[in-house]
Amino acid sequence: MNYVAFDLGGSGGKIVLGTYENHRLSIRTLHQFGHGPVSLSGGLYWNILEIYRELVHGLRIAVNITGDNIRSLGIDSFCNDYAFVSPAGELLSQVHCYRDDRTIKHAGEIYGIMSPSELYRVNGNQNASFNTLMQLASMYFEKQTYYYQEGNKLLFIPDLLIYFLSGRQQTEYTLASVSQLYDYDLKTWSPVILDRYQIPSHIFADISYPGTMIGKTTEEFNAQLNTKGFQIAAVCEHDTASAFLAAQAGQDHAMISCGTWALIGTETELPIINEYGFQYNIANEGSYHGHHRILRNVMGTWIIQQIRAYYRERGTDYSYSQLEEMAALASPFQYVIDVDEEGFFSPENMPEKIRNNCRKRYGDVHLSVGEMVRCVYESLACKYRWNLKLLEKHTGKTFTGIHIVGGGAQSKLMCQFTANACGLPVYAGPAEATAIGNIMMQLMADGQIRSVEEGRALVKEAFPCREYQPQDPALWKDYYDGFLSIQITTQ
């Protein structure tokens with residue numbers, strides 16, 4: 001039986017074919033493409049039509065390879081970004097990128113309506129400039145509420161792509177849960193937040209839940225691809241939720257889904273919303289029932305991606321393995337930064353930002369590429385440890401191990417540094433955790449497996465982890481103490 005996952009990240013997307021036979025799961029990537037935000041007239045946007053074109057191209061490959069034998073498709077991506085469609089199905093708006101600075105520009109006005117603490121008490125979401133609420137509120141201050149016209153619908157990126165394929169309008173639960181508009185107690189959009197920000201409830205589609213079927217591809221689409229069509233499943237459409245499902249973790253383990261962002265967290269039965277969570281901006285995020293996520297955002301490999309992009313634009317195309325080799329040869333513990341400082345959020349000239357940051361602390365230094373990358377990896381490992389201590393206090397857990405999933409699991413250096421800094425064993429993999437978690441939910445929607453635990457057993461058998469044990473504890477303790485001496489970003 002064949003299941004297709006479309007996994008869209010901040011720098012690329014892929015079509016992954018999952019095959020389930022004799023109670024065994026295997027995957028292979030059929031199509032990959034790069035993409036990124038487009039700067040236009042002072043705004044930052046995603047090229048959603050090009051993304052859709054790549055999706056269709058990948059599905060055509062899947063139809064041909066499987067002999068038109070696809071049980072279902074699931075789509076996941078980063079969260080918060082959206083477009084509006086008209087009652088007639090027209091795409092009314094571009095999709096702003098969450099890194100667009102319009103929300104930062106209006107932050108004072110937005111938090112003047114409801115303070116960060118008021119918002120956190122409603123939904124326990126992290127307060128962040130990229131949240132859907134912040135984007136909608138910015139539209140209000142920029143006089144763009146004409147999109148709220150009766151009949152128009154807001155669709156998050158995965159739901160928008162599903163609409164293009166099926167004609168079905170819905171909002172998947174894990175995406176709704178991180179929008180800063182959802183109320184866990186009421187299990188729907190918060191009437192308080194909608195009222196205060198003058199956001200009409202009619203712009204939202206009905207909420208669907210992971211592990212269910214949404215509908216089938218349209219006849220128009222089927223004719224385009226010469227396929228009999230297939231079902232589309234509601235998976236955990238927030239990519240982090242899908243990735244966490246594929247982590248082979250126990251209740252006393254932490255999980256890090258590491259890609260452009262690193263999401264550090266653990267699973268709980270229910271949300272935890274209190275003053276400590278607000279103080280440290282600890283996020284509550286939905287998942288499949290019983291696997292609620294408590295986590296913190298860290299900048300992740302974004303900084304490494306931007307170092308690579310900087311040099312590629314200037315004619316030197318380092319691979320990630322080359323960057324890691326140079327970092328491994330650089331002297332250890334020379335520099336430390338807080339990877340979450342605001343200046344690292346935007347993409348321009350990342351190497352110079354790092355050098356300027358280090359000059360403030362160390363004087364007139366000129367970091368080589370290897371020293372720069374090593375600094376980022378060492379600092380990232382320390383920020384992981386710092387966040388894990390917050391999560392232990394917040395949840396009452398004592399972590400005995402860390403599972404790293406996603407693209408970052410392929411970085412031996414980062415995984416080893418994480419084990420060293422945290423003093424805990426690290427279990428790395430699978431790298432394709434998001435697509436695998438996506439396929440797990442399709443298997444549940446199709447009645448092939450009955451629980452997340454059964455799915456994780458399949459994953460453990462098919463995708464063994466690489467284990468890293470802590471090394472050099474005294475040296476890493478000294479380095480971590482130095483990390484604690486800098487001004488750490490908590491929000």
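The legends below describe close-up views of a predicted model.

**Figure 1. Packing of helix α1 against helix α6.**
Two packed helices are described by the angle between their axes and the distance between the axes. Helix α1 covers residues 48-65 and helix α6 covers residues 157-166. Their axes lie 11 Å apart and form an angle of about 60 degrees, which makes α1 oblique to α6. The crossing of α1 past α6 is right-handed. From α1, the residues in the contact are Ile 48, Ile 51, Tyr 52, Leu 55 and Leu 59. They meet Ile 157, Leu 160, Leu 161, Phe 164 and Leu 165 of α6. Sorted by class, this contact of α1 with α6 holds 10 nonpolar residues, with no polar and no charged ones.

**Figure 2. Salt bridges of Arg 53 in a network with Glu 50 and Glu 54.**
Side chains of opposite charge can pair when their charged atoms come close. In this view, the side chains of Arg 53 and Glu 54 form a salt bridge with an N to O distance of 3.4 Å. A network of salt bridges links Glu 50, Arg 53 and Glu 54. Arg 53 has a relative accessibility of 46% and so counts as partly exposed. Glu 54, at 11%, counts as buried because the cut-off for buried is under 20%. Over the whole structure, a search finds 19 salt bridges.

**Figure 3. A salt bridge between helix α8 and helix α4, formed by Arg 196 and Glu 118.**
The closest N and O atoms of Arg 196 and Glu 118 are 3.8 Å apart. This pair links distant parts of the chain, with the two positions 78 residues apart in numbering. Arg 196 belongs to helix α8 (residues 191-196), and Glu 118 belongs to helix α4 (residues 116-123). Arg 196 is partly exposed, at a relative accessible area of 36%. Glu 118 also counts as partly exposed, at 26% relative accessibility.

**Figure 4. Salt bridge between Asp 317 and Arg 308.**
The side chains of Asp 317 and Arg 308 meet with an N to O distance of 3.6 Å. Asp 317 has a relative accessible area of 48% and is partly exposed.

**Figure 5. Surroundings of Gln 306 in helix α12.**
Helix α12 spans residues 302-313 and includes Gln 306. The relative accessible area of Gln 306 is 14%, so this residue is buried. Apart from neighbours within four places in sequence, Gln 306 is in contact with Pro 347 and Met 350. Leu 165 is 141 residues from Gln 306 along the chain, and the C-alpha atoms of the two are separated by 33 Å.

**Figure 6. Surroundings of Asn 387 in helix α15.**
Asn 387 is part of helix α15, residues 369-395. At 0% relative accessibility, Asn 387 counts as buried. Not counting residues up to four places away in sequence, Asn 387 touches Ile 264, Arg 296 and Val 298.

**Figure 7. Ala 88 in the loop between β7 and β8.**
The loop that holds Ala 88 runs between β7 (82-85) and β8 (95-96). Ala 88 has a relative accessibility of 68% and counts as exposed, the cut-off for exposed being over 50%. Gly 151 is 63 residues away from Ala 88 along the chain, and the C-alpha atoms of the two are separated by 9.1 Å.

**Figure 8. Backbone geometry at His 23, Asn 226 and the Gly 429 to Pro 430 bond.**
Most residues other than glycine have a negative phi, and most peptide bonds are trans. His 23 is not a glycine but has a positive phi of about 60 degrees. This residue lies in the loop between β2 (12-21) and β3 (24-34), and His 23 is exposed, with a relative accessible area of 59%. Asn 226, likewise not a glycine, has a positive phi of about 55 degrees. The loop that contains Asn 226 is between α9 (219-225) and β15 (231-234). Asn 226 counts as exposed, at 68% relative accessibility. Gly 429 and Pro 430 are joined by a cis peptide bond, with omega about 5 degrees. Pro 430 is in the loop between β21 (426-428) and α17 (433-445).

Terms used
Residues numbered from 1 in each chain as written. Predicted model: local features only at pLDDT ≥ 70, side-chain atom pairs only at ≥ 80, totals over all residues. Heavy atoms only, no water. Axes fitted to C-alpha atoms, helices over the stretch in contact; angles between N-to-C directions. Helix = DSSP H or I, 4+ residues; strand = E, 2+ residues; numbered from the N terminus. Parallel < 35°, antiparallel > 145°, perpendicular 65-115°, else oblique. Left-handed = near helix turned anticlockwise from the far one by under 90°. Contact = heavy atoms within 4.5 Å. Nonpolar A, V, L, I, M, F, W, Y, C, P; charged D, E, K, R; others polar. Salt bridge = Lys/Arg side-chain N within 4 Å of Asp/Glu carboxyl O. Buried < 20%, exposed > 50% of the residue type's maximum accessible area, 1.4 Å probe, protein only.
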